[in-house]
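Open the model in your viewer and keep the selection tool at hand. The stops below go from the inside outwards and back again.

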Amino acid sequence: MIKTKSSDDKLDTLLSRSVVPIIDLAHCGIEEVPVKSVVNRVGHQLKRALSEKGMALLVNHGISDEKLKTAWDHLDDFVDLPPDVRQHYIRTDGDKHGYVSRGQQRFDGKAPELRHAFNISTLNAQNLPEEPLPGFADHISTLATDFKALASFILQALAVSLDIPHTFFLEKHSHMLSGDHDNMSSLRMLYYPPIVDDEPGQNDVIKGRCQYSYQRCLSNQPDFRPEHNPRDEDDLNEVDGPNGQLFEHKLGNGAVIQCPPHVDYGTFTLLSQDSEGGLEVKLPGSEKWHRVGHLPGSILVNVGEILNIWTQERYPALQHRVVIPEQEHIRARGRHSIAFFCHPDNITMISPNDLPNPDAAQDKACLKQRKKSFKAAKERVYNAYQLIQKKFRDTYSNNNHS
């Protein structure tokens with residue numbers, strides 16, 4: 001059984017129960033031409049992991065912890081910039097690139113995402129805060145290149161898993177991080193602030209805005225800074241409570257939903273986290289939420305809706321959310337993550353008939369139902385861009401894109 005960090009010992013997680021598949025990418029490299037035998041091995045492992053669980057943890061993936069920690073430090077520094085400086089890097093309508101403040105995005109027009117995000121959709125390092133934060137642009141652009149290379153390796157392994165030419169997916173994702181006009185893939189840096197209870201007599205020591213970085217978490221020493229007015233710190237389009245505080249969606253047990261339930265829209269997502277951060281999933285065929293748990297240094301890969309369509313639901317898109325539990329030692333600290341959303345090129349036609357289905361002859365009744373649903377989907381959506389835009393409109397209010 002895999003042991004996670006001591007803070008996870010009191011939590012029942014999929015990782016603590018050895019439910020999450022773990023795939024070792026050692027010796028694969030992240031070069032343009034990886035080792036063929038490793039691609040084949042990983043492909044067969046992905047086939048089982050994604051068909052049964054919709055996800056897997058990747059280890060020895062070639063992206064160093066130090067590079068990830070430095071990126072989180074850069075994000076901390078950005079969030080600490082004065083609001084008027086951050087305003088220069090706000091993502092504009094119709095563009096995926098740029099900063100998204102806490103509460104700016106809302107699922108179903110109701111639940112705000114209680115997080116800071118910085119999206120990178122191009123490797124040209126444009127509109128990155130290099131002047132106020134020297135080194136930011138170069139480091140984040142290099143990290144985005146690493147994630148793009150890892151995604152390219154996974155695309156080849158996915159082709160192996162489905163018994164199709166190994167270049168099939170690569171050719172359909174050839175413009176990753178070239179900008180929104182060709183491909184909607186993006187690297188997203190995320191910071192979830194701590195949840196602090198300000199009721200009289202509770203958490204007197206850490207009242208206010210307890211800010212966090214990776215190094216501070218390692219030493220278990222919170223950073224005490226003067227309390228700020230949230231309306232001075234963040235944009236004014238947040239969802240506010242009666243006293244001006246950011247509205248929180250809570251569960252019956254006191255846990256707070258920081259990112260509401262959803263499935264990712266693209267081919268797959270790569271997710272790196274700095275600590276046990278409250279990621280929960282619904283396993284295929286289940287309506288129960290399960291906490292995933294944290295394996296330091298690993299990167300989670302999960303299926304998106306486009307890969308689900310391409311595989312005729314053999315690889316289920318994983319529904320997930322971020323929930324901060326009632327445990328005080330987890331609530332009182334922030335969390336960082338980096339997500340790489342892998343999308344096909346915008347002009348790519350998305351059809352369930354593109355790939356062979358070896359199970360079709362064994363389950364004709366199921367195939368008939370799938371064909372019916374996919375036929376309806378194909379009539380509404382013609383290419384990757386149209387499909388993703390439709391999902392954005394269905395999910396977010398005020399035309400705010402993910």
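**Stop 1: the main core.** This is a predicted model. Start with the largest nonpolar core, which has 71 residues. Select Phe147, Phe169 and Leu270, the residues with the most contacts inside this core. Now colour helix α4, residues 136-161. Helix α4 supplies the largest share of the core, 15 residues.

Stay on Phe147. Which residues is Phe147 in contact with, leaving aside neighbours within four places in sequence? Show Ile63, Leu68, Leu187 and Leu270. Then add Ser272, Ile299, Ile338 and Phe340 to complete the set around Phe147.

**Stop 2: where two helices cross.** Keep α4 on screen and add helix α1, residues 36-52. Two packed helices are described by the angle between their axes and the distance between the axes. For α1 and α4 the angle is about 70°, and the axes are 7 Å apart. Angles of 65 to 115 degrees count as roughly perpendicular, so α1 is roughly perpendicular to α4.

Pick out the contact itself. On the α1 side, select Val38, Val39, Asn40, Val42, Gly43, Leu46, Lys47 and Leu50. On the α4 side, select Phe153, Ile154, Gln156, Ala157, Leu158, Val160 and Ser161. Colour them by class: the contact of α1 with α4 has 10 nonpolar, 4 polar and 1 charged residues.

**Stop 3: salt bridges.** The count for the model is 6 salt bridges. Begin with one in α1. Glu52 and Arg48 meet through their side chains at 3.5 Å, N to O. These two are 4 residues apart in α1, so about one helical turn separates Glu52 from Arg48. Turn on a surface and compare the partners. Glu52 is partly exposed, at 43% relative accessibility. Arg48 is exposed, with a relative accessible area of 58%.

Next, select Lys67 and Asp146. Their side chains form a salt bridge at 2.7 Å, N to O. This pair links distant parts of the chain: Lys67 sits in helix α2 (residues 65-79), Asp146 in helix α4, and they are 79 residues apart. Is Asp146 buried or exposed? Asp146 has a relative accessible area of 13%, and the limit for buried is under 20%, so Asp146 counts as buried. Lys67, at 23%, is partly exposed.

Move to Arg17 and Asp12. Here the salt bridge is 2.8 Å, N to O. Arg17 is partly exposed, with a relative accessible area of 37%. Asp12 is exposed at 52%.

Finally, select Glu280, Arg291 and Arg321 together. Salt bridges link these three in a network.

**Stop 4: the second core.** There is a second, separate core of 16 residues. Select Leu279, Leu283, Leu318 and Ala339, which are among them.

Centre on Leu283. Where does Leu283 lie? Leu283 is in the loop between β11 (279-282) and β12 (289-291). Leu283 is buried, with a relative accessible area of 13%. Show what surrounds this loop residue. Leaving aside neighbours within four places in sequence, Leu283 is in contact with Leu14, Val19, Lys53, Met55, Lys288 and His290.

End with a distance label between C-alpha atoms. Draw it from Leu283 to Gln319, which are 36 residues apart along the chain. The label should read 7.8 Å.

Notes. Residues numbered from 1 in each chain as written. Predicted model: local features only at pLDDT ≥ 70, side-chain atom pairs only at ≥ 80, totals over all residues. Heavy atoms only, no water. Core = buried A, V, L, I, M, F, W, Y, C linked by side-chain atoms within 4.5 Å. Buried < 20%, exposed > 50% of the residue type's maximum accessible area, 1.4 Å probe, protein only. Contact = heavy atoms within 4.5 Å. Salt bridge = Lys/Arg side-chain N within 4 Å of Asp/Glu carboxyl O. Axes fitted to C-alpha atoms, helices over the stretch in contact; angles between N-to-C directions. Parallel < 35°, antiparallel > 145°, perpendicular 65-115°, else oblique. Nonpolar A, V, L, I, M, F, W, Y, C, P; charged D, E, K, R; others polar.
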